[in-house]
Every structure is written in structure tokens, then in C-alpha cells.
Amino acid sequence: MKDVLRTVFGSVFGGHPDGIWAAPGRVNLIGEHTDYNDGFALPVALAQTTRLAARRRTDGRLRLHSAQAGGPVVDLAVADLVPGAVTTWAAYPAGVVWALGEAGHRIGGADLHFDSTVPTGAGLSSSAALECAVARAYDDLYGLGLGPPDLARLAQRAENAFAGVPCGIMDQMASACCVAGAALHLDVRAGSYEHVPFDPGAAGLRLLVIDTRVTHDLGDGAYAALRTGCEQACALLGLAALRDLSPDHLPRAERMLPARLRPLVRHVVTENARVAEAVAHLEAGRVAELGPILNSAHASLRDDYRISCAETDLAVDSAVAAGALGARITGGGFGGSVIALVAADRADAMGAAITAAFRAAGYQVPHLIPVTAASGARRIE
Ligand code: ADP
Ligand code: MG
């Protein structure tokens, strides 16, 4: 893959890159739609990465090329980058360069060629992988001395303010800050995290991502509407964020809210509690205990937050019917991926059962991706 990156870089831009960087996609174990509520999440970096061959330029040009996007080189002037100026895929990487400049870092141009094994639009954060690869490469190319959480915040700013996607910070924190063999216990309000051991293989288990290949589009307003609903609930309850509502106070809070906001609040409050429960189990090495937590989370996302759909429900139901300890939709929702925790010796049969169920329903055959907890954005050459 590195040789292919170098060869394509040479044929697109001429010459050689200064180095090669990689940033992973992520899957979130638990803590969905909690990040923009100042809450908690527990993502894991995937072995699937976006790789970037990059070379510093001295003329202020930013030239971008992606094996996945294809098409001609996107050629921009760093000095002219403003939100709204770029509306294609190139907004994600260009946004990171813009965000670095906005933050006062002395940066210039670069030639960037991307190639990725992170499926796009599958809820596995190919966008954060793209951004974090750029942030990490720029950090090295321009000697900025930024730490992983700094890179994540810049990447999120790029996606929010430059690409115009109102995502929380979980994806970028996962792609920037994860270490191999661990999940990232993220406290969004504090901006802090800790690494929690996550090794399902050692417990005789497997975690599988089932990519339903139904593409969601976070730009379509549904995600923004959910965020707005959470903000409205906070305003009515007099809270800074739903993070501040404890499960004990939930019944009282629900009585103070209009019916349409109650299920949103219920999901966020119970989901934060599920993160704490999952972390306690993982720290004690009880990986299998994650199963029932995944099942409760799916019910909450399906019935209260209502971000599931027929395909993701079918993946969850057929996984559980085939012996999974637990399964749930993961990512922003409205399609995308499901995760399932299963005994290693039942994993193949479960995968076959899910595939058969999708065929019988007339859906596209899903992609099955085994999860190993990998490390965050890094230089690889
Ligand atoms: P997700 O992050 O869950 O994969 P998003 O909708 O947030 O889904 O981001 C997907 C978008 O990110 C793609 O439509 C594309 O614009 C951009 N993208 C991601 N990876 C690449 C890549 N390797 N090359 C070009 N664009 C990419
Ligand atoms: Mg994304």
C-alpha cells in the first residue's frame, strides 16, 4: 500500500512525498449521540485507515488528490481558503489547513494524495480519518508540536465550520487519540480521555462491524434536528447540557418536557449511564458483559432516538438470533453500520445468518468487518 501511495503520488504530483501518514476510522462501542450533549463515549480505532502521502510546498498552494474521489487534482491557494469556498470532498482536508491557519499556526501549502480502506458513509468516520491524517501530517511537515487532542479539535472545527457538517468531537478524538488494544473513554465536557483495555479476542469473543451499505447523509438535516431537540430540552430544564441530568432525576425532567422531547432526553441520559457501566466491566476484564448493554442501547436508539432503519434493525435482530451476546446500530444512524459482540466460535455462523437474512429481504449483501482496537493517527514512513 505504501508503494502504491508513492507511485500514485509521483504520477499525480511528480517526485516523492516527504512522508506517509495514516489515521484510522472508528467504531463506537457505546455512547451514541452523547458527544454533542457534553457526555461520554467509548470508541475504538479500526485497523482500516486513510493513508496520506504528503509533501510540503513553499508557494502557498494546496493540491489534493484522492484515490477514492478520483477526478483531477484540486488546486487551492491556502490564503484564499474560506468556509463555503470548497463544496466537494476536498472541503474536509482543506478545512483542516484553514483551521490550522485560523488557530494562528504558521503553515503553508502541500501536495496531498489520499488512499483509504475506511468505507465512506458507513458510520465508521472516514471523514474524521481524512481530517486527522491531514492534521497529523501538517503537524510534522510544519513542526507545530501539537498533541493528539489538539489535532482532534482542529479536525472537528474543519468539519463543522468549513465542510458545514455539525458533528460532535467523538470521531476526531477516536481517530487522533486511540492506542492499540484499548477503547477511548471520552469525557467530552472535560475534553479528557483515558484508555480502557479492550481485547475481545483474549476473552474468546469477536466484535464485528456489519456495514449495511445503506448510505446515510448527515447533511440532510435529521442529525441537526436531533441536536436542536437536545438543546431545546436543556433550555426548558435549565441545564447547560443533558450531561447534567442524572438517571435519578429523569422521571421529573420528563414531566417538565413536551412529549416530543422526552424520548430524546431519555436516550441521552440512559446512554451516558451505559458508558459508565461498560467502562466498569471492561476495566474488570468482563468483556462479555458488554453484550446486554449493546442490546439496551439499540432499543434506546431505535425506539427513543429513532435513528435506526429497517436494514440496521434486521442486522441487529439476525445477529442476536444467531447467538450474538449483543448488537446495536453505531455511528450517526439512518443506515450505516451495526456492531455485534459474539463468541469467536459462533462468529462465522452469525455472519452467514446476517447475510442470508439480508438476501431474503432483498437488501444488498452487507460487508462484515472484524474489529481489532488499533492506534490513532500516526506517521508510518
Ligand atoms: P463517514 O465519516 O461516516 O464515513 P461522512 O458522511 O461523515 O461519513 O463522510 C464521508 C465523506 O467524507 C465522503 O462523502 C467524502 O466526501 C469524504 N471522504 C472520506 N474519505 C475520503 C477519501 N478517502 N477520499 C475522498 N473523500 C473522502
Ligand atoms: Mg463522518
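Guide: A crossing is left-handed if the near helix is turned anticlockwise from the far one by less than a right angle, and right-handed if clockwise. Keep that in mind for this predicted model.

Visitor: Okay, so which hand does the crossing of α4 and α5 have?

Guide: That one is right-handed.

Visitor: And how do I describe the packing beyond the hand?

Guide: Two packed helices are described by the angle between their axes and the distance between those axes. Here α4 (residues 148-162) and α5 (residues 170-177) meet at about 145 degrees, their axes being 8 Å apart. On the α4 side, the contact comes from Pro 148, Pro 149, Ala 152, Ala 155, Gln 156 and Glu 159; α5 brings Gln 172, Met 173, Ala 176 and Cys 177. Sorted by class, that makes 7 nonpolar, 2 polar and 1 charged residues.

Visitor: Now the ligand. How many residues surround ligand 1, and which are the closest?

Guide: There are 17 around ligand 1, with Ser 66, Gln 68, Gly 121, Ser 126 and Ser 127 the closest. For polar pairs, start at the side chain of Ser 66, where an N or O atom sits 2.6 Å from a ligand nitrogen. Ser 127 also uses its side chain, placing a polar atom 3.0 Å from a ligand oxygen. With Ser 125 it's a polar backbone atom, 3.4 Å from an oxygen of ligand 1.

Visitor: How much of ligand 1 does the protein bury?

Guide: Alone, ligand 1 exposes 560 Å², and the protein buries 83% of that.

Visitor: Last one: where does Phe 40 lie, and what does it contact beyond its sequence neighbours?

Guide: Phe 40 is in strand β2. Leaving aside neighbours within four places in sequence, Phe 40 contacts residues including Gly 31, His 185, Arg 243 and Val 275.

Terms used
Residues numbered from 1 in each chain as written. Chains lettered and ligands numbered in written order. Predicted model: local features only at pLDDT ≥ 70, side-chain atom pairs only at ≥ 80, totals over all residues. Heavy atoms only, no water. Axes fitted to C-alpha atoms, helices over the stretch in contact; angles between N-to-C directions. Helix = DSSP H or I, 4+ residues; strand = E, 2+ residues; numbered from the N terminus. Contact = heavy atoms within 4.5 Å. Nonpolar A, V, L, I, M, F, W, Y, C, P; charged D, E, K, R; others polar. Near = heavy atom within 4 Å. Polar contact = N/O pair within 3.5 Å; in protein donor to acceptor, adjacent residues only side chain to side chain. Areas by Shrake-Rupley, 256 points an atom, 1.4 Å probe, with all protein chains shown as cover.
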